[in-house]
Amino acid sequence: MPEPEIPQALLGDYVRILREVAAAGRRLTRDELETFRALGREAADAGHQLRALVRLYLSETRACWPQAAVADPAATADSVLAAVEQTVDAFAEGFERAQRLTVRREEAARREFIDDLLYGRSDLGRLAERATRFGLRLSRAHAVAVAAGPEAYSETDAVPRSVEAALLSRFSGRKILLTTKDGRLVCIAPASQPDVLTYFAKQSHAATEGGQVAIGRAHKGPGGVVHSYDEALDALDLARRMGIDDPVLRSADLMVYPVLTRDRQAMADLVRSELGPLREARGGAEPLLNTLAVYFDAGCVAAETARRLALSVRALTYRLERVHQLTGSDPADPMHRYTLQTAVIGARLLDWPAKEL
């Protein structure tokens with residue numbers, strides 16, 4: 001694209017000032033410098049490039065130089081070059097101030113849009129209109145991935161920048177929104193491009209040195225982004241409570257857990273009745289509860305469970321027998337196993353016994 005033509009008006013009284021400087025050897029006044037700062041701001045708002053603007057001023061300096069010649073060329077050259085330096089410096093200062101203000105405004109608008117989008121605020125129709133400015137078409141289905149690392153991140157940190165660079169390098173031209181929210185990395189992508197979120201998960205896991213990434217299901221419309229974002233956050237919270245250490249979590253694969261806790265009171269009653277007696281064990285309920293959780297995760301294979309717990313098979317057998325004695329349910333009995341395992345899952349979901357039910 002050719003650069004837009006720069007109007008001569010952006011030179012202001014530059015030529016006249018140069019002639020006066022060459023004749024009198026004076027410096028620019030405060031008002032003249034402020035005028036050039038204002039011209040710099042105007043040029044930035046008009047979208048001109050600073051390099052082209054400086055080139056314009058230098059070209060004009062060369063063009064009018066012979067007209068500024070006086071008896072002492074050396075003194076004239078020194079005065080004119082000093083004036084050029086003052087002018088360009090003031091012009092560039094105004095230009096850069098305008099650009100910084102524009103960047104701050106753009107960033108404020110972007111942050112406001114992201115907050116409205118992820119929190120479901122603002123009119124949905126208006127939100128969809130604003131989304132096109134940031135490359136999203138909310139009439140289509142989108143999915144959200146959220147990455148949590150060992151520390152909180154902001155958009156200016158090295159980790160988000162490295163992930164963004166990797167995504168832009170591989171998916172340039174794709175409609176992707178990458179940001180940070182509450183210290184986590186967030187990526188929003190069209191549902192038709194699942195490879196974007198998969199790659200985001202891979203890059204985020206590496207950049208955060210083993211952080212965990214959750215991917216929500218795809219949903220349509222402005223409200224769909226909020227729904228997918230909430231699912232990803234819920235998946236991260238669920239992984240924390242359940243001790244799931246998989247690097248990538250997909251909310252679609254974890255739907256059974258919300259179903260189990262949909263009737264929270266019923267689940268709490270099951271945990272109290274089935275696992276409550278474990279509180280009577282030496283050391284409280286937590287050691288035996290953890291033993292049951294690992295036992296079920298290991299497919300109820302005693303040798304593998306003992307290895308994971310760093311116990312002998314004999315010690316593991318004693319713990320399982322103790323569970324049987326206290327609860328009346330035998331973990332090795334298929335008739336009892338399902339109830340016990342459901343209660344163990346419920347205990348993790350409800351954070352029992354750390355929290356009273």
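This tour proceeds from the whole predicted model to selected strands and two buried residues.

The model is predicted, so local features need pLDDT of at least 70 and side-chain atom pairs count only at pLDDT 80 or more, while totals for chains, interfaces and linings use all residues. Residues are numbered from 1 along each chain as its sequence is written, and side-chain values use heavy atoms, with hydrogens and water left out.

**Whole chain**

Begin with the C-alpha trace of the entire protein, which spans about 110 × 45 × 35 Å along its principal axes. Its radius of gyration is 33 Å, whereas a compact globule of 357 residues would have a value near 21 Å; the radius is taken over C-alpha atoms, and the globule rule is 2.2 Å times the number of residues to the power 0.38. Colour next by secondary structure: 14 helices and six strands appear. Helices (H or I, at least four residues) and strands (E, at least two) are DSSP runs, numbered from the N terminus.

Switch to a surface. The protein exposes about 19400 Å², of which carbon and sulfur atoms supply 51%; areas come from the Shrake-Rupley method with a 1.4 Å probe, and for residues only the protein chains shown count as cover. Of the 357 residues, 43% count as buried, that is, under 20% relative accessible area, with exposed over 50% and partly exposed in between (1.4 Å probe, protein chains only). Among contacts (heavy atoms within 4.5 Å) between residues at least 6 apart in sequence, 70% join residues at least 24 apart.

**Strand β1 and its partners**

Select residues 141-148, strand β1. Six of its eight residues are buried, so β1 is largely enclosed by the rest of the structure. Two strands pair if DSSP finds at least two bridges between them. Add β3 to the selection: six bridges join β3 to β1 in an antiparallel arrangement, and V146 stands opposite V186. Then add strand β4 (residues 212-215), which is antiparallel to β1 and linked to it by four bridges; here Q212 is the bridge partner of A148. Strand β5 (residues 219-220) is also antiparallel to β1, through two bridges, with K220 opposite A141.

**The β2-β3 hairpin**

Move to strand β2 (residues 177-181), where five of five residues are buried. In a regular strand the side chains alternate between the two faces of the sheet. In β2 both faces are covered: L177, T179 and K181 are buried on one side, and L178 and T180 on the other. Strand β3 (residues 184-190) runs antiparallel to β2, with five bridges between them, including the pair K181 and R184. Two residues separate the strands of this hairpin, and D182 in the turn has a positive phi of about 55°.

**Two buried residues in helices**

Select S228, placed in helix α8 (residues 222-242). S228 is buried, with a relative accessible area of 0%. Neighbours within four places in sequence aside, S228 contacts H142, A143, V144, G216, R217 and H219. For a distance check, draw a line from S228 to Q203: the two are 25 residues apart in sequence and 20 Å apart, C-alpha to C-alpha.

Finish at T87 in helix α4 (residues 73-119). T87 counts as buried at 1% relative accessibility. Show Y14, L28, F36 and Y57, which T87 touches when residues up to four places away in sequence are not counted.
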